[in-house]
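Here is a short briefing to read alongside the structure. Take a moment to turn the model around before you start on the points below.

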Amino acid sequence: MGGPREKQSEMTARRLRLCLVALNAYPAVHPETGGQVGGTETRAWILARHLAKIPDLEVSLAVRTTDPITTTVVEGVYIVGLQDRFYRLRETVGGYASRRAGFPWIQIHRWSPDLLWQIPLLATARLLEPRPTDPRQPMSFFEQIDADLFCCFGNQATAATAIASAHATGRPAVLFIGSDDDLNPGYTADSSVRNPYGDTGATCFYSLTQADAVLTQTSEQQQLLQNRFGRESTVIPNPIDLDEWDCRARTPLPTELSMGADRFVLWMGRAEKIHKRPQTLLEVARMCPSVPFVMLLNPRDPAVDAEIRQTAPPNVRIITQVPFPQMPALFQRAIACINTSALEGFPNAFLQAAASRVPIVSLEVASTFLRESQAGVFVGGDLPWAADTLTQWMNDAALRQSYGDAGRAYVEKHHRAEHVAHELANQLRTVSLSHSPPPA
């Protein structure tokens with residue numbers, strides 16, 4: 001096995017081949033296909049595109065689709081598709097049940113009458129398109145991808161499988177932390193704690209401990225990883241493509257996406273009560289009835305989605321989906337962005353708001369970002385303070401502009417996609433050079 005100098009010479013002779021694994025990112029690549037695009041998917045696709053512009057890198061993106069992929073290269077990124085005709089059904093059922101080894105192969109956590117037909121259909125899917133029952137086992141799809149290094153986004157079952165597959169074929173894998181919950185202290189080697197997607201703590205512990213390197217979003221995550229799991233990490237800020245964002249911000253916004261409101265406070269998140277807490281947004285909205293709100297609500301949990309729609313006050317309007325290319329235009333109409341989450345990684349919406357010069361109110365998360373950027377106000381769970389702030393901003397354009405200009409300057413300095421991609425590329429080169437695969 002050659003030393004670092006021999007490896008460096010080999011790497012300069014050919015490009016470093018990276019595979020970014022974000023299976024739900026296909027709608028970010030092709031918005032016209034529909035589907036929800038969250039912060040993880042946005043982050044992965046922006047990084048893939050900008051890494052692909054670096055001359056000594058070759059970049060692929062592993063995604064999941066219901067149909068075969070017809071366009072295999074998009075903006076210099078090779079798209080590798082895992083065809084799963086039943087994955088939307090798996091995603092729906094995942095909110096209520098999870099897989100387990102042995103019989104019965106599924107464990108129900110919450111009941112829904114739809115499970116009576118969904119579970120038999122998934123049983124059929126399991127026979128037609130078998131998957132490893134233990135996510136910590138290799139999978140041929142990943143083993144066959146032509147890459148030198150895997151980049152796995154988010155601590156969940158897919159990351160564990162990609163890491164196991166990389167190691168089974170003598171290649172390194174890097175884990176990108178996507179949420180503070182990825183570092184849950186309940187994750188241990190034999191933990192049965194489950195993450196929001198139904199994956200066991202043992203699976204998540206495997207990813208955290210077996211990845212060749214861990215990349216965190218914030219210094220807070222870096223410290224949590226060290227304190228809870230004894231691992232060092234490098235902070236790689238979330239990226240935003242400001243040139244693309246500014247260009248798209250000038251496109252008209254369809255009336256149905258703004259729900260007819262001229263100006264509004266924007267909230268974005270999933271319909272689930274533990275982390276994103278849309279019900280808390282309704283509480284804030286009731287405290288400031290003169291302020292219009294638009295909720296971009298991903299119907300993750302159908303029961304929570306229905307409850308929010310039924311109990312929303314008159315000043316809250318709810319939309320289900322906005323194509324990603326139209327998100328900049330949506331932010332252009334917002335007077336503020338509010339986050340009610342109890343737990344996040346680094347909210348991608350904060351970068352989008354700051355890029356749009358839209359001030360931010362956060363109840364519980366990203367206090368360091370707001371303090372350093374001066375892009376908004378952290379209220380520490382104080383709902384009346386949040387409501388008063390939004391009411392004040394609604395009537396004070398100069399104050400909104402002050403926060404907005406500060407936020408824009410901060411993301412220009414720290415989060416430009418091209419700068420983040422070069423920083424990440426240096427880190428990935430280091431991981432690749434230091435990796436010594438086991439002898440055959």
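What follows is a tour of a predicted model, from the overall fold to helix packing, aromatic residues and cysteines.

The protein chain holds 19 helices and 16 strands. Of its 440 residues, 54% count as buried. Among contacts in the protein chain with a separation of 6 or more, 65% are between residues 24 or more positions apart.

**Helices α17 and α18**

- Helix α17 covers residues 383-394 and helix α18 covers residues 397-414; the two pack with their axes 6 Å apart, at an angle of about 110 degrees.
- An angle from 65 to 115 degrees counts as roughly perpendicular, and α17 and α18 are therefore described that way.
- On the α17 side, the contact is made by Q392, W393 and M394, while α18 brings L399, R400 and Y403.
- Sorted by class, this contact of α17 with α18 has four nonpolar residues, one polar and one charged.

**Helices α3 and α19**

- Helix α3 (residues 39-51) and helix α19 (residues 417-434) cross at roughly 75 degrees, and their axes come within 9 Å.
- That angle makes α3 roughly perpendicular to α19.
- From α3, the residues I46, L47, H50 and L51 meet A417, E418, V420, A421, L424 and A425 of α19.
- The contact of α3 with α19 has eight nonpolar residues, together with one polar and one charged.

**Helix α12 and its cover**

- Helix α12 spans residues 278-287, and its buried residues are P278, T280, L281, L282, V284 and A285.
- Strands and helices both help to cover these buried residues of α12: β11 (264-270), β12 (293-298), β13 (316-319) and β14 (334-339) are included, as are α13 (302-311) and α17.
- One residue to look at in helix α13 is A306.
- Is A306 buried or partly exposed? A306 has 30% relative accessibility, so A306 counts as partly exposed.
- A306 and A271 are 35 residues apart along the chain, and their C-alpha atoms are separated by 9.0 Å.

**Aromatic residues**

- How many aromatic pairs does a search of the whole structure find? The search finds eight.
- W393 and Y403 form a tilted aromatic pair, with 5.2 Å from centre to centre and 55 degrees between the planes.
- This pair links distant parts of the chain, as W393 sits in helix α17 and Y403 in helix α18, 10 residues apart.
- W393 has a relative accessible area of 1%, so W393 is buried.
- W393 and Y403 also appear among the residues that make the contact between α17 and α18.
- Elsewhere on your tour, look for F346, F350, F369 and Y410, which form one aromatic cluster.

**Cysteines**

- A disulfide needs a pair of cysteine sulfur atoms within 2.5 Å, and by this rule the count comes to zero.
- C19 shows how this works out: the nearest cysteine sulfur is that of C151, 8.0 Å away, and C19 is in no disulfide.
- C19 counts as buried because its relative accessibility is 0%.
- C288 counts as buried too, because its relative accessibility is 2%.

Note on methods: Residues are numbered from 1 along each chain as its sequence is written. This is a predicted model: local features need pLDDT of at least 70, side-chain atom pairs count only at pLDDT 80 or more; totals for chains, interfaces and linings use all residues. Side-chain values use heavy atoms; hydrogens and water are left out. Buried means under 20% relative accessible area, exposed over 50%, partly exposed in between (1.4 Å probe, protein chains only). Axes are lines fitted to C-alpha atoms, for helices over the stretch in contact, and angles run from 0 to 180 degrees between N-to-C directions. Helices (H or I, at least four residues) and strands (E, at least two) are DSSP runs, numbered from the N terminus. Angles under 35 degrees count as roughly parallel, over 145 as roughly antiparallel, 65 to 115 as roughly perpendicular and the rest as oblique. Contact means heavy atoms within 4.5 Å. Ala, Val, Leu, Ile, Met, Phe, Trp, Tyr, Cys and Pro count as nonpolar, Asp, Glu, Lys and Arg as charged, and the others, Gly among them, as polar. Rings of Phe, Tyr and Trp (its six-membered ring) pair if their centres lie within 6.5 Å; planes under 30 degrees apart count as stacked, over 60 as edge-to-face and the rest as tilted.
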